[in-house]
Amino acid sequence: MTDVATKKRPVVMLAEFETPDAIVHAAEKVRDAGYEKWDVHTPYPLHGMDAAMGLKDSRLGWIVLACGLTGVTAAITMIQWMNGIDYPLVIGGKPPNAIPSMVPIMFELTVLLSAFGSVFGMLGLNELPKHHHPVFYSERFSAASNNRFFISIEVEDKKFDASKTKELLESTHPSHLELVEEEVA
Amino acid sequence: MQIFPRSLNYLPLVAAVGVALLGGGVTFGIWYYFSPKNTQTGYAPEQPVPYSHKLHAGELGIDCRYCHANIERSQEAMIPPTQACMGCHAIVKKDSPKLAAIRGSWAGGTPVEWVRVHRVADYAYFDHSVHLAAGVGCVSCHGRVDQMDVVRQDQPLSMGWCLECHRDPTPNLRPKDQITNMTWTPTAEQAAQFAQATVKGPEHCSGCHR
Amino acid sequence: MSSEENTTGMTRTTRTTTDRVAWRSLEEKVDPSRLKDEACGSDVVKQHVGAEELFQLNRRKFLTLSGAIGTLASVEGCIRRPVENILPYTDMPEYVNPGVPSHYATAVSEGGEVLGIVSTSYEGRPTKLEGNPEHPTSRGATSMWVQSSILDLYDHERLRGPRQNGAPSDFASFDKFFSEKIATLKQKGGAGLYILTQPTFSPTYVRTRQLVVDRLPSSRIAVYTPVPNSNAREAARLALGVPAHAIYDYSRAKVVLALDSDFLGTDPGSTLSSRQFANAREMESAAGSMNRLYSVEPTLSVTGSNADHRLRLPAQDIARYARALAAELTSLGVELGQVGSSVKGAQTEGIPEQWIKSVARDLYKNRGQCLIVAGPRQPVAVHALTYALNRALGNSGKTVTFTEPVDAQEPENFDSLKTLVSMINAGRVDTLVILGGNPVYDAPADLNFAEALKKVPTSITFSAYSDETASLSTWQIPRAHELESWGDQQSTRGDYSVQQPLIAPLWGGRTDAEVLAQIAGEPNWRAYDLVKTTVETRGIKGEVAWRKLLHKGISDTRFGAVLGSTPLRDAEIAAAVQRLGSVAPLPANTFEAVFTVDNKILDGRYANNSWLQELPDPITRITWDNAALFSPTTAKQLEIKNGDMVRIKHGDRAIDIVAWLQPGTAAQSIILPLGWGRKQAGTVGNNKGFNVYPLRTLAAPHFISGVTVEKLNKKYALAQTQEHDSMEGRPLAIDATLAEYKNTPNFPEYKSPDPHQTPLWRMQDYSTGEQWGMNIDLNTCTGCGACAIACQAENNVPVVGKTEVARGREMHWLRIDRYYIGDDADEPEVAFQPVACVHCETAPCENVCPVAATSHSPSGLNDQAYNRCIGTRYCMNNCPYKVRRFNFLNYNQEIPETVQMQKNPNVTVRFRGVIEKCTYCVQRIEGARINARRQGRTEVRDSDVDAACSQACASGSITFGNLNDPNSKVARKRKSDRSYALLSEIGTRPRTRFLGKIRNPNPEMNTVKS
Amino acid sequence: MSADAPIKEIGETPLVPAHVDHAFISNEVSRVTEQRAPIGWWLVFGTALIALGALGLSVGWLVWNGIGSWGNNSPVAWAWDITNFVWWIGIGHAGTLISAVLFLFRQKWRTSINRFSEAMTIFAVICALLYPTIHVGRIWLLYWCFPIPNQMSMWPNFKSPLLWDVFAVSTYFTVSLLFWYVGLLPDFATLRDRAKDVLRKRLYGAFALGWRGSNRHWRNYERAYLILAALSTPLVLSVHSVVSFDFATSVMPGWHTTIFPPYFVAGAVFSGFAMVSTLMILCRQVYGLKDIMTMKHLEMMNKIMLVTGSLVGYAYSMEFFIAWYSGNEYERYCFINRATGPYWWAYWTMITCNVVSPQFFWFKRFRTSIPVMFALSITINIGMWFERFVIIVTSLHRDYLPSSWGSFSPTIIDIGCYVGSIGLFFTLFSLFLRWIPMVAMFEVKAALPGAQPSHHGAHEEHDSHAALAVKEA
């Protein structure tokens, strides 16, 4: 990784932990230290970590609700217009704009759009896909998807100070601590 | 380790825009190019005889029904028999080279092979006479034939197009004696009177499909 | 005619023909050369091209969808339609109005009667035949044979020109040969010239034949048809001393006794008989009265299945029954004179007593308004006896009378053929001219006609097909179809009609009269001249009268004297009955074979007609085959099951045929339908069913006793359209006895209750405008099947063939359900129920179609838009009446060029993968609507429209019209208390309603069974 | 309540053996996609491909010659085509059910099987979608079923249950696919990070969308997952209800039955679980994943099959009873005809396979015997196919008018289309096994003993799902 030719710049400080308990404690410390541009990386969701990081509740629900409403409205307008207004045909002696027969499709479209809302909403909130990310410069970080737990504090964070931050993280007894650097052209 | 270049982070944006553009493009393409408006109108094949409606109907002012004699009695517009041409051209321009085919047909009793211009699908049963009876003029569907040297399809003749008029014929209605008049425009009170007209085309399937 | 495959080519050639026709049928003199290759602009074969286009269109779409979409330009190019030419007339004939059908009145001789008809022609291309309302024998109705004869006309397998010793020749060389031949024969006064013809109703024919007899005195004429009505005729000759037709009026008969007679089915004049019978049977209300029909017969015929009482009796015992009945009548005081003594001591073994006593009493009670009729199968004496009985019962001049026939000189059928063959074998025949018929196939087997024919030095056969007979003769010449030639016909009642050609002979062709005139050496031997002359000799003089005759289709005056008052010659009748003697009943375990005319293809003449082939037999519901019919109990004894092959032997003659258990068959009778197993009928008719003629001898052409049955361990698969005979106690074809009807006039409503529940939604309003509806009166419906064929002809309904029928894929829009009622397999009561789309106001089929291909029209029609249908078949599932048909395969792929000409241009021919069904003949409705608009009317009159089925129905059981017109037939019938909706409890609110069937059993007879 | 409480939830024995830890899970599951495929895989894949070929031929023949190449006729206008459709759709219900419903009910044991039951769902739905597509007479016009503006200015008929189907099934397919992919994200990341060669890295990397296990992501992620689960649950019920409407809203005796929606759903779950356990047993044997897909899991499945099987049996008896009780002669005849008519054998096969056979699962001995449950799971799928056959063919072949009664017999093309669809299914499934982690690694990890922090107020939030659920409420 370390290449003479390319200039390097530190981007993120990465602390590695082995147990869930350890990282939760660590996270609380970092939270209390008042950092903002930092994150926790775990192979699976850790309970209580949201609290430990002091994160607010997800806003996804509202997005889904909006999409769902769009779905149901779209369905009823579409069917009413197509069968009831634009070309009303007498089908089975029933009124062309009869509501009951529209219910199934109203439901299906609601679900469909809600599903889109939740998935793409989630990706949006998470700013995914983001195939390139500083933490990936770290060789050890691959364990984050296996059995290790990481705390990453970005250099951009205004409270970031190489030494102070190092101290803080060391005080949480990480199994390993590194300052990840990225090449700059 | 870092697998992808930073630039790849723009992927979502690029993808979103790309999909939007492509989707829009394809939709428009199909919408425009596949519609009868594009595929049907303007069809003006070359005819075996360079007959000019512009000359006959336009300048000479021959009434449509002189040649398309059946049109008020039959579903067929009836392409006129050679006989009809010879009616005049036995005397007028009897030696014109353009009329060779006509004379040949008359002499040999072989029909002139006109190329069909206006065509509705065979499962759609269009009837000229009833439309005339309702007071729909030739020009509504065939355009300004009196200005065409070569007959050209003027309207899409698609089902949607038919339905437009069947649902609201008013703009296309005119007095029975003006049926073949290519330039007729309603006076104010005429327009008002046709607005009240109860005549309306069928919208149910068997109205046209049997 | 060219056989280009491409559509335009096909169109052009077809148009050429039709155009020449239009010309020919209007102008007398025709110069084909001048008319060559003329054509008119209308889409003559629209529907066919329709199918083609539909197909291409779809295939194009299919490719565009499935294949990768190329550049837009190319896509554009591929959507651009192919160039299509329009060929207008060069010199348009007068009266031709392209796109608007013209109608011509003419007549056809069908079986033993003449039917006045009116043809519908497009640019001179006849597409449909209807009865001529002016004509008393049809009164606007037709039979399945008339309806399907239009298909025969266009049969592409007809003989396409003269053939000499099998090799193609032409008329020129034939005429040369023929004239020389005639010349040589003339020198010998015609000695050695024999002419074999068909029975005729044509005065012109008779006139020209007389010319032959006069000018070639030594020539001889023979007449042969396999199933003639000659016994009745001979009986009349015997009873009256002069040849005569017995004429019956069923409408005035309160009681009818049919002795082995199928006057509602295959007997001559059944169209008129059905109408008359229906008149006497129709019940306006419970207050009215209706006739009663007794039927005594060996096989369950259409007539028998409509009888109130039916007695199964071997054909040979009918005579015994007739005598016993006569005896009983005399004892009741009916004055039979000498005949009375001749019937004494009739054996009544095996005949239920009440069938003699009660029936006799019933007839006696209805003196002067009853009728006894015997069938063509029965011997002369039986016919003579019925004449005597009718006379004695005071029916003459009321329900029965006699008329003078057109052809008084007609020789006796079988005798004349016998003489002919013996002459041939004696080497006395030099030239044999055969005018129609197919003796090689259908002559009595012991005559061995084929061998005889080969011995004839010069045989000239005029035939529509290169059939069994034609192919064996020196010359085969096309015989013109009745619809493509000039001719004339006189009905048994003396109504005189001129036949005008609706189309020029498709492949040349001569009429019988023309040939005879040629033989007689007439200079003007063209049919037109011959007919014109006949007409003049009959006192119809002048152009005006001639035009009027053509236009009206029937003469104002009747010809042929009515012999009503001629006294019967009792002595001769008595003698004949004596001669008949008393036939001993069949000994146990012996059988008689009864040769019946097939219910569809008659004696085999319609074998190559695919419509009739596919039409299920009215009784057995078998298509594309015949079968030996056994009574179920007999079959059980013989351990025969449906589909077993059996060998039926008589003496050294034997045939192998498939067996079928037919309820209602006499225990000791085996029914063998004639006309099947053709070898040279054409691709449609060849090798369908089994030929039973080999068992038929001169001695016993109608039935033979003493046949033996041997079960072969072979199976043969038959294709039925209806496999289940019982109604399972469901209220479908609802019936009641007259007594029950009088007690509960609205009995159908009780059996098939209408919930009358209003749906949850607001109903459509059908109270205004034209609202089309139909009634089917089960009381008068005889189940004959004419409506089904009429529908097929009108609506371009495809034929699918035996294998597809066997798989349950028949396409008939209108089917006739036939149910057996009662638990005795041998004595079924029969109920017929024609079922087509009933046009439900709340149609289950419409709700389920994902693409709205079927929906309702403002006038209450259940529309089916073929071109919108994608073929999910969901509607088919959800139709409780199962009247929706699906094109499982492309059944219209190969329509022969000429057959295309029959297709109705106003009906789309359906492509594979789409659903089709009865449309109430919407093309006729829309046609009437357009017509009304042209005439500035906003509403369509009830009289403007009739559906093909109701128009064809001879018994007037089907009524169609505008329900909102209080004076319309349909609205009035609807008011009947017998009116009910099929499966009304589902709440489909069908527009087609049925009227319950009434049976009128004789209260004296404890059971309707024998 | 202690951290490993979840494992205690079901039964006294733990769900997974003690030696199983995070790394173990990663290795066990990932190796399947990393090592060479075992011979068993090739066998299945090969046979499946052959069957797939048969499908191609049959469908080609069908489209070229028309529906007539099947045995369908009048009155049996629908036969094997729709039978297969409903059968596959039914099978396609287990996946979503397991991942959604069991998720909401916090059935921990689902974690090791939800992944591939979801996969199975998707492939089954693909097979199902095949039939409505090819069963129409004019397939090239199928797009008329969708509300696309056109020159005819015609629209679909939204009153038709068939159209509801179009929407229901396609929605179901889309949502299941999304659900599945969302679940796959973290596991793709795992594969990405384990990958040695660049191609694998880039490939899995691309699909992982740059997932880095960020807790800020997990927060939204889990919410999304929960919502999807909440959406899929009614969806999965609606789909088979709508399918049952095809029949229930018609007027045909034997079809027009109010019991259909619940009864169809029960049947769907039943057949779905049967198919899942068939596949589970296979994979388990082929890949030796006994520690992840434990006998405990299989036993749970069998219990559910016992319940749903009995439900279905109850439905059978109820519709029969009602048919008799209604006094409607057509309805009554229809059911008597099912049991005693020409197709009695189909009816009794259905009863035996669906009602009788699951009863074995009352006994732990059978519940825990691999051969028995394998045999039964297959029996049940056969039985469920016959259920649809009975409903469709035996109802149609004798309806209102005896005159139009008929019968049905399949052609070689019918058989080709059916067997072929099974080929399609297994082709897709074996590809899935080969390239995609068949167990949701991160979910299993999360459910392992000691996987969650011990001290943090576990009493109110004893697991994240509960937490989320609480927040939802």
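I take buried to mean under 20% relative accessible area. I note that the model is predicted.

**Entry 1: cysteines**

I looked up Cys127(D) and found 0% relative accessible area, so this residue is buried. I then asked which cysteine sulfur is closest to that of Cys127(D). The closest one belongs to Cys417(D), at 12 Å, which is too far for a bond.

I examined Cys64(B) next. Its relative accessibility is 22%, so Cys64(B) counts as partly exposed. The closest cysteine sulfur, in Cys138(B), is 4.2 Å away. I recorded no bond for Cys64(B) because that distance is too far. Over all chains I count 0 disulfides.

**Entry 2: Asp644(C) and its partners**

I find 83 salt bridges over all chains. I followed Asp644(C), which is buried at 4% relative accessibility. With Lys711(C) it forms a salt bridge whose closest N and O atoms are 3.7 Å apart. Asp644(C) lies in strand E23 (residues 644–650) and Lys711(C) in strand E26 (residues 703–715) of chain C, so this pair ties together parts 67 residues apart in sequence. Lys711(C) is partly exposed, at 42%.

Asp644(C) also meets the side chain of Lys715(C) in a salt bridge, at 2.9 Å from N to O. Lys715(C) lies in strand E26 as well, so here the parts tied together are 71 residues apart in sequence. I record Lys715(C) as exposed, with 60% relative accessibility.

**Entry 3: a pair in chain D and a network in chain A**

I looked up Arg110(D) and Glu443(D), whose side chains meet in a salt bridge of 2.9 Å, N to O. The two residues are 333 residues apart: Arg110(D) is in the loop between helix H5 (94–104) and helix H6 (111–134), and Glu443(D) is in helix H17 (residues 441–446) of chain D. Are these two residues buried or exposed? Arg110(D) is buried at 2% relative accessible area, and Glu443(D) is buried at 8%. In chain A, I noted one network of salt bridges with shared partners, made up of Glu16(A), Glu18(A), Arg140(A) and Arg148(A).

**Entry 4: chain C against chain D**

I find that each side gives 58 residues to the contact between chain C and chain D. The buried area is about 4,800 Å², and carbon and sulfur atoms give 57% of it. On the chain C side, Arg730(C), Arg868(C) and Tyr874(C) lose the most area, together 15% of what that side buries.

I then looked up the polar links. The interface holds 34 residue pairs in polar contact and 2 salt bridges. One salt bridge joins Lys882(C) to Asp399(D), with the closest N and O atoms 3.1 Å apart. Elements of chain C that give two or more residues to this side include helix H3 (46–66), strand E30 (815–821) and helix H29 (874–878). H3(C) gives the largest share, 5 residues. I divide the chain C side into 29 nonpolar, 14 polar and 15 charged residues.

**Entry 5: Ser752(C)**

I located Ser752(C) in the loop between helix H25 (747–751) and strand E29 (772–777) of chain C. Ser752(C) is buried, at 3% relative accessibility. Which residues does Ser752(C) touch, not counting those up to four places away in sequence? They are Pro731(C), Ile734(C), Tyr980(C), Ala981(C), Leu983(C) and Ser984(C). The side chain of Ser752(C) reaches the backbone oxygen of Ala981(C) at 3.4 Å. I also recorded a polar contact of 3.1 Å between the side chains of Ser752(C) and Ser984(C).

Methods. Residues are numbered from 1 along each chain as its sequence is written. Chains are lettered from A and ligands numbered from 1 in the order in which they are written. This is a predicted model: local features need pLDDT of at least 70, side-chain atom pairs count only at pLDDT 80 or more; totals for chains, interfaces and linings use all residues. Side-chain values use heavy atoms; hydrogens and water are left out. Helices (H or I, at least four residues) and strands (E, at least two) are DSSP runs, numbered from the N terminus. Buried means under 20% relative accessible area, exposed over 50%, partly exposed in between (1.4 Å probe, protein chains only). A polar contact is a pair of N or O atoms within 3.5 Å; within protein, one must be able to donate a hydrogen and the other to accept it, and residues adjacent in sequence count only if both atoms are side-chain atoms. Contact means heavy atoms within 4.5 Å. Buried area is the accessible area (1.4 Å probe) that two parts lose on being put together, summed over both. A salt bridge is a side-chain nitrogen of Lys or Arg within 4 Å of a carboxyl oxygen of Asp or Glu. Ala, Val, Leu, Ile, Met, Phe, Trp, Tyr, Cys and Pro count as nonpolar, Asp, Glu, Lys and Arg as charged, and the others, Gly among them, as polar. A disulfide is a pair of cysteine sulfur atoms within 2.5 Å.
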